[in-house]
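Please read the points below alongside the coordinates. They are a colleague's comments, set out from the overall fold to one helix pair.

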Amino acid sequence: MVTRTIKIIGTTQEEINARKFNIFIGISLGNKWFTEEHIREYVVWSLDKTKKDILIFVADKLHAINYRIKDYYNETNAIRRALRVGDKYLSLIQEIIKSLPKEKQKLISVLRWEELINTKHYYEHMKIIYEEFNKNPEFKRFVFKIVRNNLRSIKDRKFSKEEIKGLAQYVLDEYGPK
């Protein structure tokens, strides 16, 4: 396993080492970092650092927003593609889990995006986030800035205001599970 330097946000290395929190791993379909090797490393690291258990969620249906706006898919095809790619990640994650000792396997739960968003916890967070987005111009500008920064690598295309707004939904929805 390769040692990596990470930036810690919202806690300290001491709290992580003291196993004060359960670990929540979000798998983004568009993030090339999530290879089999890296997911395995992340899961093993999490098992060593978690308070009690680990939740891994695959943000498949969320990623359909990117397929729809960035790749011009219609809504139905964007969802189908996202679910197909999500299936591949789920299969990979299940294989990683199966390779672990049985007592460690029991500590890991895996959800798809749809299962995650159909919870009261997620709904309550989203209500607050969208209210803030609609009422607070500074927060709205901040979210749009995140979207524009994420689009900097796409040089051959100019995104419309509506597309930027659609991609802002991805950013907002992504923060609901916290």
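The numbered points that follow concern a predicted model.

1. The protein chain holds nine helices and three strands, and from the N terminus on these elements are arranged as α-β-α-β-α-α-α-β-α-α-α-α.

2. The C-alpha trace spans about 50 × 35 × 35 Å along its principal axes, and the radius of gyration of 18 Å agrees with the value near 16 Å for a compact globule of 178 residues. Of the 178 residues, 35% count as buried, while residues 24 or more positions apart account for 71% of the contacts with a separation of 6 or more.

3. The largest nonpolar core comprises 23 residues, and those with the most contacts inside it are Ile27, Ile39, Val43, Ile56, Tyr89 and Ile108. Two or more residues come from each of strand 1, helix 2, strand 2, helix 3 and helix 4, with helix 4 giving the most, namely eight.

4. Ile56 touches, among residues beyond four places away in sequence, Ile25, Ile27, Val43, Ile93, Ile108, Ser109, Val110 and Leu111. Apart from this core lies another, of 22 residues, including Ile69, Phe133, Leu151 and Ile164.

5. Helix 8 (residues 137–151) packs on helix 9 (residues 161–174) at an angle of about 100°, the axes being 9 Å apart; since angles of 65 to 115 degrees count as roughly perpendicular, the two helices are therefore roughly perpendicular to each other. Helix 8 contributes residues including Phe139, Phe144 and Leu151 to the contact, and helix 9 residues including Ile164, Leu167 and Val171. By class, this contact has eleven nonpolar, no polar and two charged residues, with Arg148 of helix 8 and Lys165 of helix 9 among those making it.

Key. Residues are numbered from 1 along each chain as its sequence is written. This is a predicted model: local features need pLDDT of at least 70, side-chain atom pairs count only at pLDDT 80 or more; totals for chains, interfaces and linings use all residues. Side-chain values use heavy atoms; hydrogens and water are left out. Axes are lines fitted to C-alpha atoms, for helices over the stretch in contact, and angles run from 0 to 180 degrees between N-to-C directions. Helices (H or I, at least four residues) and strands (E, at least two) are DSSP runs, numbered from the N terminus. Angles under 35 degrees count as roughly parallel, over 145 as roughly antiparallel, 65 to 115 as roughly perpendicular and the rest as oblique. Contact means heavy atoms within 4.5 Å. Ala, Val, Leu, Ile, Met, Phe, Trp, Tyr, Cys and Pro count as nonpolar, Asp, Glu, Lys and Arg as charged, and the others, Gly among them, as polar. A nonpolar core is a set of buried Ala, Val, Leu, Ile, Met, Phe, Trp, Tyr and Cys residues joined through side-chain atoms within 4.5 Å. Buried means under 20% relative accessible area, exposed over 50%, partly exposed in between (1.4 Å probe, protein chains only). The radius of gyration is taken over C-alpha atoms; the globule rule is 2.2 Å times the number of residues to the power 0.38.
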